[in-house]
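Work through the exercises below with the sequence and the model in view, and try each task before reading its solution.

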Amino acid sequence: MTVHSFTLPDRPGPFAIPTDNLIGDAWQSNGMGRIDVIDPSSGSVLTSVADAGVEEALAAVDAAEAAAKSWAATAPRKRAEILVACFHAIMAEQEWLAHLISRESGKALSDARGEVAYAAEFFRWYAEEAVRINGELNMSPSGANRIMVQYQPIGIALLITPWNFPAAMATRKIAPALAAGCTCILKPAEETPLTAQAVLEIIRQAGVPAGVVNLINTSDPGPVCRAILHDPRVRKLSFTGSTEVGRILLREAADQVIKTSMELGGNAPFLVFDDADLDEAIEGALLAKMRNGGEACTAANRFYVHRRLHNAFVAKLCERMGAIAVGPGADPATQCGAMINQASIDKIERLVADAVKRGAEVKLGGKTLAQPGYFYPPSVIANVQPGSEILSTEVFGPVAAVIPFEDEDQAIELANATEHGLAAYVYSRSLERALPIAERIDCGMVAINRGLVSDAAAPFGGVKQSGLGREGSHHGLLEYCEAKYIAVSW
Ligand code: NAD
């Protein structure tokens, strides 16, 4: 059997990263084609990974099936110990993994380091949850019997992840699946397979048994995922990615009535009220906009600022965003790395051009940088007019669109005028004001006077077309469980 691997030239890790598919107990690639992995900071090919088809996908289901019974029967305490070992093993490789993430996704090293810590945290959190999958026992209202409820693992799970957080989006699914007693198949994004390959090798070495987590990469995700979702042994789909692909997968999952978790696109509003602390709002705006170079589903997309603060907000935001160092992610001086690919640059350019055509003013940036790789500078566009596409489509890049508002009702109406409902940000010195506003915004998560919402211990997810279900917290565990009700007379 041919075995392929990759070593970061300037940052060799503790092992060569396997670049084949993990099926059962072995990395394998017999007869498969290869998918090139591109470094977005240069546009050049880093390496390639094995390209699985339907046959390999179904072999991964076989492997997950072979491991399912014994993993479900493994004592929760033992599962917890393996998960905590995974947490420590990932943290021990934080620096190396950060370099790898940075190299294949283009993001700044500081963002990549943060991602590794966030990714590892899901193993620690779900190690603690694995031993607390508590059931319920009630007397039925009639008094005739007891109602006993037990949470059982749902079964084999297909986990599909995007490229923007290649470690954290994988562990946010793998850790609760394993804690619940499920086995799984991970299908990472074509753009960033190496991080997932490295994480899986780390957790395999940390004690995750063969077949419990399998990995396939494919250049043809439609037919390959369809085959998995039409195998009756598969009972769960957890997807993070665009709303467009989410809709396709919901249709695919319908045929076998598979339980789905959908973490889809966002279009977060960032509301600054007239009683906000402007300096704090700017700090929050920088974090909410520029984390991951703006390539985050929670990224602030639309900045609605009270007219009284609007001009000062725009001026300060330009000053701070203009000082951000743009460059290759792996350069320690870089604060904003490369975008993932040319298609991403094309989309940002299209949205900015549309806004300008409709009357917006470019206050900062607004032009792709002429250098190898895919670089767009931190940009601020003000006076964005209603109907501009940038207000309804996530820009997924370092562009802040700023719009003034007059009063609270108008701000909330503007914030809710989208098919998405993932995250929102509110700045006001008064919690008496901010909390009712948070309740009125149609979204799954609101940050008040903060630029960050993500936390392994919190239920992450959206409403409307931003998704179904939650990841993280106890809610994320229940996504991988079925409630079994037993009526007992005793
Ligand atoms: P994408 O939807 O293009 O791809 C996501 C994954 O789906 C990839 O692994 C891809 O190979 C796979 N895929 C594509 N077509 C498929 C098909 N027909 N069948 C099965 N799988 C298929 O998204 P992306 O560009 O990788 O990621 C960016 C998107 O992800 C953004 O919209 C962002 O908001 C969203 N996102 C959401 C969250 C969240 O938690 N809500 C987190 C991160 C990213």
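**Exercise 1. Find which elements the buried residues of H13 pack against, and which side of H13 they occupy.**

Step 1. The buried residues of H13 pack against strand E14 (268-272), helix H12 (408-416), strand E19 (423-427) and strand E20 (445-448), where contact means heavy atoms within 4.5 Å; helices (H or I, at least four residues) and strands (E, at least two) are DSSP runs, numbered from the N terminus.

Step 2. Helix H13 spans residues 431-440, and in it Ala 434, Ile 437 and Ala 438 are buried, a word that stands for under 20% relative accessible area, with exposed meaning over 50% and partly exposed in between (1.4 Å probe, protein chains only).

Step 3. These buried residues lie on the same side of H13 because they cover an arc of only 105 degrees around the axis, the arc being that of the directions from the helix axis to the C-beta atoms. On the other side of H13, Glu 432 and Glu 439 are exposed.

This is a predicted model, in which local features need pLDDT of at least 70 and side-chain atom pairs count only at pLDDT 80 or more, while totals for chains, interfaces and linings use all residues. Residues are numbered from 1 along each chain as its sequence is written, and side-chain values use heavy atoms, with hydrogens and water left out.

**Exercise 2. Describe the largest nonpolar core and say what contributes to it.**

Step 1. A nonpolar core is a set of buried Ala, Val, Leu, Ile, Met, Phe, Trp, Tyr and Cys residues joined through side-chain atoms within 4.5 Å. The largest one has 104 residues, and those with the most contacts inside it are Ile 174, Leu 178, Ile 203, Phe 313 and Leu 317.

Step 2. Helix H4 (residues 109-130) gives the most to this core, namely 11 residues. At least three residues come from each of domain 1 (5-264 + 466-488) and domain 2 (268-454), with bounds taken from an automatic or database domain assignment.

Step 3. Apart from this core lies another, of 32 residues, among them Leu 271, Tyr 374, Ala 415 and Cys 443.

**Exercise 3. Determine how many disulfides the structure holds, and where Cys 443 stands.**

Step 1. A disulfide is a pair of cysteine sulfur atoms within 2.5 Å, and the structure holds zero of them.

Step 2. Cys 443 is in no disulfide, and the nearest cysteine sulfur, that of Cys 297, is 13 Å away.

Step 3. Cys 443 counts as buried because its relative accessibility is 15%.
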